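Work through the exercises below with the model open. Each task is followed by a solution in steps.

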Amino acid sequence: MLEIEIKNIKFKNPVFLASGIMGSTGKSLIRIAKNGAGAVTTKSIGYYPNKGHKNPTIVELGDSILNAIGLSNPGIEEYEEELKKAKPILEKMNTKIIGSIYGKDEEEFIKVAKVMEKYVDIIELNISCPHAKGYGATIGQNPELTYNVCRAVKKSVSVPVFAKLTPNVTDIIEIAESAYNAKIDGFVAINTVRGMKIDIKAKKPILYNKFGGLSGRAIKPIGVKIVYDLYENFNLPIIGVGGIFNGEDAIEYFLAGASAVQVGTAVMKDYNIFKKICEEIKKYLIEEDLKLKEIIGMAH
Ligand SMILES: Cc1cc2nc3c(=O)[nH]c(=O)nc-3n(C[C@H](O)[C@H](O)[C@H](O)COP(=O)(O)O)c2cc1C
């Protein structure tokens with residue numbers, strides 16, 4: 001009932017793990033797969049190991065989180081070993097893998113993509129991290145750089161390539177159009193929203209990086225609007241992400257135009273959330289007597 005096909009890939013359900021949460025090792029990906037995710041997305045991996053920003057890197061704000069982890073990751077060479085071990089196990093569970101990658105320029109993106117594509121079903125281009133200096137944010141906020149990176153990776157690999165967009169722009173359609181013109185296969189929207197939390201006693205920002213990316217409950221309306229706009233303007237599959245905690249949240253994204261959703265912050269609170277969200281989507285489809293495919297974009 002929840003099966004969905006995107007770019008000829010059959011997913012057992014449309015509720016996926018988002019990048020950056022529980023995706024740093026093969027074991028953590030498998031753990032999430034066991035909890036029922038239709039696909040798992042890796043932490044964003046670069047060519048070189050990256051320590052990320054200094055602590056504090058996370059501030060909890062109720063059901064939202066402000067993070068400036070700064071893309072800490074072991075680099076593709078070491079991460080390949082994780083993928084080698086995890087891939088056969090994930091395959092047995094029929095859980096698809098999305099490989100998130102980043103780089104400072106086209107060459108770095110291509111080098112990582114070429115390794116990543118051996119293990120994954122989709123490559124997700126993180127051109128949208130708001131707090132990694134000189135990397136993601138600059139690319140995804142600039143139409144020309146977006147085009148260059150998307151085109152370079154698209155020409156270099158044979159698996160579908162999705163561009164993960166940042167909401168931190170004036171005109172999302174301008175950026176999306178550059179990615180579309182570079183012939184990418186789909187969009188992932190959204191990455192975190194730039195924000196700051198100040199400690200009123202210390203009278204300073206709490207994060208070492210001063211500002212970070214806001215995720216969780218607070219950003220859902222921003223994500224839903226962007227997915228709605230993307231669906232209105234492009235005929236490409238969209239994976240919706242931002243503030244999904246339950247079936248209703250996911251359904252809003254489907255109605256806006258997403259073919260699948262990813263869950264990040266909510267997983268940090270409850271690893272088992274995938275089964276719960278799937279059950280709630282099923283219940284809605286039965287009550288409304290509709291198929292998943294039918295509700296995609298139905299709010300338009
Ligand atoms: C702790 C943390 C780390 C993240 N790391 C990444 C990352 O490495 N790559 C990426 O594309 N997005 C990263 N994100 C963004 C999420 O994938 C997602 O786009 C965003 O958090 C919105 O979804 P959510 O509200 O369900 O968390 C991270 C988010 C959090 C909270």
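Two strands pair if DSSP finds at least two bridges between them. Helices (H or I, at least four residues) and strands (E, at least two) are DSSP runs, numbered from the N terminus. The model is predicted: local features need pLDDT of at least 70, side-chain atom pairs count only at pLDDT 80 or more, and totals for chains, interfaces and linings use all residues. Residues are numbered from 1 along each chain as its sequence is written.

**Exercise 1. The hairpin**

Task: Determine in which sense, parallel or antiparallel, strand 5 and strand 6 pair, and over how many bridges.

Solution:
- Step 1. Strand 5 covers residues 58–61, and its pairing with strand 6 is antiparallel, with four bridges.
- Step 2. Within this pairing, Glu60 lies opposite Ile65 of strand 6, and Val59 has Leu66 as its bridge partner.
- Step 3. The two strands form a hairpin with two residues between them. Gly62, in the turn, has a positive phi of about 65°.

**Exercise 2. The open sheet**

Task: Give the strand order of the open sheet of four strands, and state which strands stand at its edges.

Solution:
- Step 1. The order is 5-6-14-11, and the pairing is antiparallel.
- Step 2. Strand 5 and strand 11 (193–195) are the edge strands; each has a single partner strand, so one side of each has no neighbour in the sheet.
- Step 3. On average, neighbouring strands here are turned by 35° against each other, direction ignored. Angles run from 0 to 180 degrees between N-to-C directions, and axes are lines fitted to C-alpha atoms, for helices over the stretch in contact.
- Step 4. Strand 6 and strand 14 run antiparallel and are joined by four bridges. Leu66 has Leu214 of strand 14 as its bridge partner, while Asn67 stands opposite Gly213 of that strand.

**Exercise 3. The barrel**

Task: Find the order of the strands in the closed barrel.

Solution:
- Step 1. The barrel has eight strands in the order 3-4-7-8-9-10-15-16, with parallel pairing.
- Step 2. Its neighbouring strands are turned by 25° against each other on average, direction ignored.
- Step 3. Strand 3 (residues 15–17) and strand 16 (residues 260–263) run parallel, joined by three bridges. Phe16 has Gln262 of strand 16 as its bridge partner.
- Step 4. Helix 5 (residues 143–156) packs on this sheet and touches strand 8 (122–126) and strand 9 (161–165). The direction of helix 5 makes about 160° with that of strand 8.

**Exercise 4. Two helix pairs**

Task: For helix 7 with helix 8, state the angle and the distance between the axes; then do the same for helix 3 with helix 5.

Solution:
- Step 1. Helix 7 (residues 220–233) and helix 8 (residues 247–256) pack at about 25°, with axes 8 Å apart. They are therefore roughly parallel (angles under 35 degrees count as roughly parallel, over 145 as roughly antiparallel, 65 to 115 as roughly perpendicular and the rest as oblique).
- Step 2. Helix 7 contributes Lys220, Val224, Val227, Tyr228 and Tyr231 to the contact, and helix 8 contributes Asp249, Glu252, Tyr253 and Ala256. Two residues are in contact if their C-beta atoms, placed from the backbone, lie within 7 Å.
- Step 3. By class, this contact of helix 7 with helix 8 has six nonpolar, no polar and three charged residues. Ala, Val, Leu, Ile, Met, Phe, Trp, Tyr, Cys and Pro count as nonpolar, Asp, Glu, Lys and Arg as charged, and the others, Gly among them, as polar.
- Step 4. Helix 3 (residues 106–116) and helix 5 cross at roughly 35°, and their axes come within 9 Å.
- Step 5. The residues in contact are Glu106, Phe109, Ile110, Ala113 and Lys114 from helix 3, with Asn148, Val149, Ala152, Val153 and Ser156 from helix 5. Six are nonpolar, two polar and two charged.

**Exercise 5. The ligand shell**

Task: State how many residues surround the ligand, and which elements each supply at least two of the shell residues.

Solution:
- Step 1. The ligand is surrounded by 27 residues, the closest being Gly20, Ser44, Ser215, Gly264 and Thr265. A residue counts as near a molecule or strand if its C-beta atom, placed from the backbone, lies within 6 Å of it.
- Step 2. Strand 6 (64–67), strand 14 (212–216) and helix 9 (265–269) each supply at least two shell residues.
- Step 3. By class, the shell has 11 nonpolar, 14 polar and two charged residues.
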